[in-house]
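Colleague: I should like to go through this structure with you, step by step. May I put some questions to you?

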Amino acid sequence: MMERRFNPEHMEKLDNPERRKVLPPEKLLGLLEIQDNDIILDLGAGTGYFAIPAA
């Protein structure tokens with residue numbers, strides 16, 4: 001099995017203003033109709049791009 005890992009030297013790509021313009025986490029999470037009692041898993045959360053706004 002080939003293992004693929006994100007190079008932490010490129011962390012700035014995960015949470016930058018351009019990515020937020022194209023892929024706004026709050027807006028996308030709003031489309032999911034998440035309820036208060038739902039359980040969410042953000043596997044490989046990295047900087048928490050989706051996990052923090054979901055919390």
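**Questions on a predicted model**

Modeller: Arg20 counts as partly exposed, at 32% relative accessibility. Please bear in mind that this is a predicted model.

Colleague: Which residue meets Arg20 in a salt bridge?

Modeller: Side chains of opposite charge can pair when their charged atoms come close. Here the distance from N to O is 3.0 Å, and a salt bridge requires a distance within 4 Å. The partner is itself partly exposed, with a relative accessible area of 41%. The side chain that meets Arg20 in this salt bridge belongs to Asp15.

Colleague: How many residues apart are Lys21 and Glu18 in helix α1?

Modeller: The side chains of Lys21 and Glu18 meet in a salt bridge, at 3.3 Å from N to O. Lys21 is exposed, at 62% relative accessibility, whereas Glu18 is partly exposed, at 49%. Helix α1 covers residues 17-22, and about one helical turn separates Lys21 and Glu18 because their spacing in that helix is three residues.

Colleague: Is Tyr49 buried or exposed?

Modeller: Tyr49 is found in the loop between α2 and α3. Leaving aside neighbours within four places in sequence, its contacts include Leu14, Asp15, Arg20 and Pro24. The relative accessible area of Tyr49 is 4%, and the limit for this class is under 20%. Tyr49 is therefore buried.

Colleague: What is the distance between a polar atom of the Tyr49 side chain and the backbone oxygen of Leu23?

Modeller: The side chain of Tyr49 reaches the backbone oxygen of Arg19 at 3.3 Å. Leu23 also appears among the contacts of Tyr49. For the backbone oxygen of Leu23, the distance to a polar atom of the Tyr49 side chain is 2.5 Å.

Colleague: Which residue other than glycine has a positive phi, near 55 degrees?

Modeller: The residue lies in the loop between α2 (25-31) and α3 (51-54). Its relative accessible area is 64%, which means that the residue is exposed. The residue with this phi is Glu33.

Colleague: What is the accessible area of the nonpolar patch formed by Leu32, Ile34 and Ile40?

Modeller: Ile34, one of its members, lies in the loop between α2 and α3. Ile34 is partly exposed, at 33%, and residues of a patch must have over 30% relative accessible area. Together, Leu32, Ile34 and Ile40 have an accessible area of about 270 Å².

Colleague: Which element has the highest mean pLDDT?

Modeller: The mean pLDDT of the protein chain is 85, and 96% of its residues reach 70 or more. Among the elements, α3 has the lowest mean, 87. The highest mean, 92, belongs to α2.

Terms used. Residues numbered from 1 in each chain as written. Predicted model: local features only at pLDDT ≥ 70, side-chain atom pairs only at ≥ 80, totals over all residues. Heavy atoms only, no water. Helix = DSSP H or I, 4+ residues; strand = E, 2+ residues; numbered from the N terminus. Buried < 20%, exposed > 50% of the residue type's maximum accessible area, 1.4 Å probe, protein only. Patch = residues over 30% accessible without salt bridge, like charges linked within 9 Å, V, L, I, M, F, W, Y side chains within 5 Å. Areas by Shrake-Rupley, 256 points an atom, 1.4 Å probe, with all protein chains shown as cover. pLDDT = per-residue confidence, 0-100. Contact = heavy atoms within 4.5 Å. Polar contact = N/O pair within 3.5 Å; in protein donor to acceptor, adjacent residues only side chain to side chain.
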